[in-house]
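This briefing concerns a protein and the ligand bound to it. Please examine the sequence and the model before reading the points below.

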Amino acid sequence: MDAHKQLTIGLFGFGVVGEGLYKVLQQTPSLKATLKKVCIKNPEKKRNAPADLFTTDKNILLNDPEINVIVEVIDDADAAFKIVSKALKNKKDVVSASKKMIAEHLPALLKLQEETGHSLLYESAACASIPVIRNLEEYYDNDLLHSIKAIVNGSTNFILTKMFEDKLDFRDALLLAQQLGFAESNPKLDVEGYDANNKWTFLLTHAYGIIESPENLLFSGIQNISADDARVAKEKNFDIKLVAQAKKLNNGKVAAFVLPQFIKHDDHLAFVKNEYNGVVIESGFADKQFFYGKGAGSFPTASAVLSDISALRYQYKYEYKKLYHHKPHELGDDFYLRVYVSFDDLKFVPREKFEWIEEWHAGEQKKYLVGVISYKELKDNNWWRKHNTSLILFPDPVIENVEIRGLKKKSLELAGLI
Ligand code: HSE
């Protein structure tokens with residue numbers, strides 16, 4: 001496709017993002033992109049666009065030789081994968097916003113891009129308006145990228161902000177997130193951390209060349225965070241955020257997880273409220289850099305889709321540099337995490353699994369401890385998700401040094417605490 005060629009778009013989906021894109025395209029005539037057809041599932045629904053733009057037959061778009069770009073913004077991951085695969089095979093470039101689909105099918109999508117030579121761009125799927133994929137791809141050399149810490153789900157961040165700053169209860173905050181078009185059609189994907197974890201799966205590919213299926217990452221959402229946890233956070237001068245994190249370990253592997261985390265008030269992520277997302281990158285020589293922007297919603301997401309469409313005019317492709325041009329990193333599991341765990345009854349918490357316990361509070365209501373536990377224990381076991389137990393990471397949670405650990409454990413044993 002040469003740089004002056006007209007882009008003719010076939011769009012799949014006319015929900016929050018699809019309709020946003022329709023409006024954004026109308027306001028961007030300089031892009032020279034025509035929206036030729038929109039494929040929708042439900043023809044009965046009233047749409048704010050001319051009726052002859054719509055069809056329910058996907059092949060009208062996929063087989064139209066004039067359409068050279070397929071934009072796919074539907075929320076059915078399996079259907080999205082079929083559409084994207086077919087579009088690439090039919091020699092069309094593709095822009096997608098389907099996080100779940102990309103996370104679950106990345107190896108197949110890589111293969112399809114290689115075989116067809118066509119481009120698949122999905123910036124909007126990561127942090128909506130923040131151009132984080134392109135930055136990770138283009139800017140950060142592998143060796144220099146020490147860590148990334150990010151808020152990648154707008155809905156959960158919105159809910160936590162509304163709960164803890166505006167004292168809304170969880171249900172009302174979620175309802176508002178749904179009404180504003182931030183939440184997934186199935187909000188469990190947001191609340192239980194699936195959406196953040198899906199995004200983290202492919203951000204790890206662009207950051208470190210890691211290919212892992214989403215279910216192999218350690219993740220949780222905000223479903224177990226209670227008012228008691230918020231009270232403890234406040235006492236300790238922390239906020240609570242759902243944070244995706246990756247950190248290079250001394251052994252060269254990468255520690256990665258998506259878990260609720262206590263955030264200090266002077267941390268960049270403390271600044272990220274409501275539906276905003278934020279990414280803090282720590283790299284050699286540059287030290288910390290902070291990316292901030294709206295992480296959900298119609299126009300912020302459409303803006304990233306538009307930017308991808310525009311990049312297709314100059315044949316932009318992800319090169320997956322960290323995967324193909326560097327030595328890809330592997331996920332590591334040999335590290336420990338400093339955690340806060342709150343629980344109703346001590347019998348639900350296996351104290352002996354902790355390397356050491358630093359704080360212990362057995363008040364009348366919800367009880368909690370602060371301790372250090374191995375990543376493997378959390379990855380392989382489920383006790384911390386059950387019986388109204390909640391787990392929140394401490395700031396800078398990754399611990400690699402095992403020597404102090406032995407000493408502390410010994411001292412606790414001697415004191416009869418474990
Ligand atoms: N449900 C997603 C979120 C939408 O809240 O972040 C943007 O990906």
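The points below address the surroundings of the ligand and then helix 7. The model is predicted.

**Surroundings of the ligand**

- The residues around the ligand include Lys99, Asn153, Gly154, Ser155, Phe182, Asp190 and Lys199.
- By class, this shell consists of 5 charged, 4 polar and 3 nonpolar residues.

**Polar contacts and cover**

- Two contacts involve the protein backbone: a polar backbone atom of Gly154 lies 2.7 Å from an oxygen atom of the ligand, and a polar backbone atom of Phe182 lies 2.7 Å from a nitrogen atom of the ligand.
- Asp190 contributes a polar side-chain atom, which is 2.8 Å from a nitrogen atom of the ligand.
- On its own the ligand has 250 Å² of accessible area, of which the protein covers 93%.
- Two or more residues of the shell come from helix 7 (154-165), and likewise from helix 10 (194-208).

**Helix 7**

- Helix 7 contains 12 residues and spans 16 Å from its first C-alpha to its last, close to the 16 Å expected at 1.5 Å a residue.
- At the start of helix 7, a side-chain oxygen of Asn153 comes within 3.2 Å of the backbone nitrogen of Ser155.
- Of the 12 residues in helix 7, 10 are buried; among them are Gly154, Ser155, Phe158, Ile159 and Leu160.
- The buried residues of helix 7 pack against several elements, including strand 7 (145-151), helix 8 (170-179) and helix 9 (188-191).
- After helix 7 comes Lys167, which has a positive phi, near 60 degrees.

Notes: Residues numbered from 1 in each chain as written. Predicted model: local features only at pLDDT ≥ 70, side-chain atom pairs only at ≥ 80, totals over all residues. Heavy atoms only, no water. Near = heavy atom within 4 Å. Polar contact = N/O pair within 3.5 Å; in protein donor to acceptor, adjacent residues only side chain to side chain. Areas by Shrake-Rupley, 256 points an atom, 1.4 Å probe, with all protein chains shown as cover. Helix = DSSP H or I, 4+ residues; strand = E, 2+ residues; numbered from the N terminus. Nonpolar A, V, L, I, M, F, W, Y, C, P; charged D, E, K, R; others polar. Expected span 1.5 Å × (residues − 1). Buried < 20%, exposed > 50% of the residue type's maximum accessible area, 1.4 Å probe, protein only. Contact = heavy atoms within 4.5 Å.
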